[in-house]
Amino acid sequence: MTAISVRPGRLRDVAEEIERSTGLRVQIIGGTLVMSPTPRGKHAGTTKRLSRQLDAGLPESLGAYEVSSITMPDNAEDYATPDLVVLPRDWEDDDEWLADPHDVELAIEVISTSERVSLITAKTSWYAIAGVPVLLAVDPRKGTWTLRTHPRDGEYQGVLHGKYGEPVPLPAPLPAELDTSDLPLYAPRA
């Protein structure tokens with residue numbers, strides 16, 4: 001086991017160094033470094049299919065972006081990198097690498113094959129605390145999705161569960177719904 005000493009206020013520097021040296025995707029969720037490998041093909045395919053749908057239905061002022069991170073207000077150390085995030089199109093011309101959660105219309109997390117319930121819960125809470133208005137979690141392990149809306153006091157007040165094949169209803173200015181009928185499922189774990 002390798003121990004990494006981190007001076008206070010340097011967590012982001014350590015996260016960036018880990019990304020550079022290992023290629024792992026690193027996020028800081030609630031002061032904890034969370035590392036994950038590059039997504040598998042079906043994970044990436046799910047993200048791509050949802051991105052295409054969003055781009056086709058979003059107003060001209062919004063776009064769907066991968067590899068864009070969101071900062072936690074009032075905490076320069078914490079940030080999350082959803083699989084897909086809907087932001088104003090002027091994000092494309094921004095020199096910053098962290099988006100303000102108040103600019104986010106939708107964050108999408110595609111659950112990985114080995115993702116634990118505790119991490120999913122921590123990420124969900126993180127997005128609610130940050131004030132991300134709409135969070136969609138898509139789970140190719142089970143063929144299910146969960147839409148969370150109206151964050152307040154660190155929790156989402158609106159929660160809607162569905163299965164692949166059922167459309168995900170989205171609030172304006174997002175497209176009215178996302179089709180889940182062609183999203184891939186992970187192969188059963190042996």
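**Fold, cores and cavity of the predicted model**

The secondary structure of the protein chain comprises three helices and 13 strands, as assigned in a model that is predicted. Of the 190 residues in the chain, 44% count as buried. When contacts between residues at least 6 apart in sequence are considered, 54% of them join residues that are at least 24 apart.

The largest nonpolar core contains 22 residues, and those with the most contacts inside it are Leu54, Val86, Leu106, Ile108 and Leu136. At least two residues of this core are supplied by each of helix H2 (41-57), strand S3 (62-65), strand S6 (84-88), strand S8 (106-110), S9 and S10. A second core, separate from this one, has 17 residues, including Ile70, Trp91, Ala99 and Tyr127. The surroundings of Leu136 can be described residue by residue: with residues up to four places away in sequence left out, Leu136 touches Leu106, Ala107, Ile108 and Glu109, and also Trp145, Thr146, Leu147, Val168 and Leu178. Two of these partners, Leu106 and Ile108, are themselves listed among the core residues with the most contacts.

Tyr127, a member of the second core, also takes part in an aromatic pair. A search of the whole structure finds one such pair. The ring centres of Trp126 and Tyr127 lie 5.5 Å apart and the ring planes meet at 85°, so the arrangement is classed as edge-to-face, the cut-off for that class being an angle over 60 degrees. Both partners are buried, Trp126 with a relative accessible area of 3% and Tyr127 with a relative accessibility of 1%.

Tyr127 appears again in the lining of the largest cavity. One cavity of 30 Å³ or more is found when the whole structure is searched, and the space in the largest cavity amounts to about 60 Å³. The lining of this cavity is formed by Glu109, Ile111, Glu115, Ile120, Lys123, Thr124, Tyr127, Leu135 and Ala137. Helix H3 (117-130) and strand S9 (134-139) each contribute at least two residues to the lining, and the largest share, four residues, comes from H3. In chemical character the lining residues divide into five nonpolar, one polar and three charged. Strand S9 thus recurs in two descriptions, since it supplies at least two residues to the lining of the cavity and at least two to the largest nonpolar core. Glu109, one of the lining residues, is also among the residues touched by Leu136.

Three features of the backbone were noted in loops between strands. The peptide bond from Ala172 to Pro173 is cis, with omega near 10°, and Pro173 is placed in the loop between strand S12 (168-169) and strand S13 (177-178). Asp74, although not a glycine, has a positive phi of about 65°; this residue is found in the loop between strand S4 (69-72) and strand S5 (75-80). Its relative accessibility is 86%, and Asp74 therefore counts as exposed, the cut-off being over 50%. Asp153, likewise a residue other than glycine, has a positive phi, with a value near 55°, and is located in the loop between strand S10 (144-152) and strand S11 (155-163). With a relative accessibility of 73%, Asp153 also counts as exposed, whereas Trp126 and Tyr127 of the aromatic pair are buried.

Key
Residues numbered from 1 in each chain as written. Predicted model: local features only at pLDDT ≥ 70, side-chain atom pairs only at ≥ 80, totals over all residues. Heavy atoms only, no water. 1 Å grid on protein atoms, 1.4 Å probe; cavity = no way out; pocket = protein on both sides within 12 Å on 5 of 7 lines; lining within 4 Å. Points joined across faces, edges and corners; volume = space filled by probe spheres on them. Nonpolar A, V, L, I, M, F, W, Y, C, P; charged D, E, K, R; others polar. Buried < 20%, exposed > 50% of the residue type's maximum accessible area, 1.4 Å probe, protein only. Phe/Tyr/Trp six-rings, centres within 6.5 Å; stacked < 30°, edge-to-face > 60°. Core = buried A, V, L, I, M, F, W, Y, C linked by side-chain atoms within 4.5 Å. Contact = heavy atoms within 4.5 Å.
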